Amino acid sequence: MRTTPQMLKTRLYRINRRLGTEYWLGNAPHYGGWELTANKGSTIIYGRVAPREMLTYLDGLINGMDMMEGAYK
């Protein structure tokens with residue numbers, strides 16, 4: 001299955017809503033792909049990676065939050 005920008009943005013929306021943050025996703029294929037930033041791009045949270053890798057990273061953040069809240073008891 002192809003990773004679409006909408007898939008990434010949906011997961012980022014869930015993360016921002018739950019944490020009360022304003023993380024941003026930037027895409028620059030000629031520089032290496034997607035990156036997760038804060039402070040409107042001035043702080044890099046997770047560096048430039050392929051779309052599938054970013055999707056996996058965002059899914060991991062969501063699963064970690066679920067675990068912290070006891071969703072997997």
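A residue is called buried when its relative accessible area is under 20%, exposed when that area is over 50%, and partly exposed in between. The legends below use these terms for a predicted model.

**Figure 1. Overall fold of the predicted model, with two helices and three strands.** Followed along the sequence, the elements appear in the pattern α-β-β-β-α. The radius of gyration is 13 Å, close to the 11 Å that the globule rule gives for 73 residues, so the protein is as compact as a globular protein of that length. Along the principal axes, the C-alpha atoms fill a box of roughly 45 × 30 × 15 Å. Of the 73 residues, 30% count as buried. The accessible surface comes to about 5000 Å², and carbon and sulfur atoms contribute 55% of that surface. Among the contacts with a separation of 6 or more, 32% join residues that are 24 or more positions apart.

**Figure 2. The open three-stranded sheet, with strand order β1-β2-β3.** The pairing in this sheet is antiparallel. Strands β1 (24-28) and β3 (43-49) form the edges, each pairing on one side only. From one strand to the next, the twist averages 20°. Five bridges join β1 to β2, and four bridges join β2 to β3. Both of these pairings run in the antiparallel sense.

**Figure 3. The hairpin of β1 and β2, with four residues between the strands.** Two facing positions can be followed across this pair. Leucine 25 stands opposite leucine 36 in β2, and glycine 26 stands opposite glutamate 35 in β2. Within the hairpin, glycine 32 takes a positive phi near 125°.

**Figure 4. The two helices against the sheet.** Helix α1 lies across β1 and β2, and its direction runs at about 160° to β1. Helix α2 packs on the sheet, where it touches β1, β2 and β3. The direction of α2 makes about 135° with that of β3.

**Figure 5. The largest nonpolar core, made up of 13 residues.** The members that touch the most other members are Leu8, Ile15, Leu25, Trp34, Leu36, Met54 and Leu58. Two or more residues are given to this core by each of α1 (5-19), β2 (33-38) and α2 (51-68). The largest share, five residues, comes from α2. In soluble globular proteins, nonpolar side chains tend to be buried together.

**Figure 6. Surroundings of methionine 54, a member of the largest nonpolar core.** With neighbours within four places in sequence left aside, methionine 54 is in contact with Leu8, Leu25, Trp34, Glu35, Leu36, Tyr46, Gly47 and Val49. Of these contact partners, Leu8, Leu25, Trp34 and Leu36 are also listed among the core residues that touch the most other members.

**Figure 7. Threonine 37, a buried residue of strand β2.** The relative accessibility of threonine 37 is 5%, which is under the 20% limit, so the residue counts as buried. Across the strand pair, threonine 37 stands opposite isoleucine 44 in β3. Apart from neighbours within four places in sequence, the contacts of threonine 37 are Glu22, Tyr23, Trp24, Thr43, Ile44 and Ile45.

**Figure 8. The loop between β2 and β3, showing asparagine 39 and lysine 40.** The hairpin of β2 and β3 has four residues between its strands. Asparagine 39 has a positive phi of about 55° although it is not a glycine. Lysine 40, which is likewise not a glycine, also has a positive phi of about 55°. The relative accessibility of asparagine 39 is 54%, which is over the 50% limit, so asparagine 39 counts as exposed. Lysine 40 is exposed as well, with a relative accessible area of 71%.

**Figure 9. Arginine 52 in helix α2 and its contacts with the start of the chain.** Not counting residues up to four places away in sequence, arginine 52 touches Met1, Arg2 and Thr3. Arginine 52 and arginine 2 are 50 residues apart along the chain, and their C-alpha atoms are separated by 8.1 Å. With a relative accessible area of 40%, arginine 52 falls between the 20% and 50% limits and is therefore partly exposed.

Note on methods:
Residues numbered from 1 in each chain as written. Predicted model: local features only at pLDDT ≥ 70, side-chain atom pairs only at ≥ 80, totals over all residues. Heavy atoms only, no water. Core = buried A, V, L, I, M, F, W, Y, C linked by side-chain atoms within 4.5 Å. Buried < 20%, exposed > 50% of the residue type's maximum accessible area, 1.4 Å probe, protein only. Contact = heavy atoms within 4.5 Å. Pairing = 2+ DSSP bridges. Axes fitted to C-alpha atoms, helices over the stretch in contact; angles between N-to-C directions. Rg over C-alpha atoms; globule rule 2.2 N^0.38 Å. Areas by Shrake-Rupley, 256 points an atom, 1.4 Å probe, with all protein chains shown as cover.
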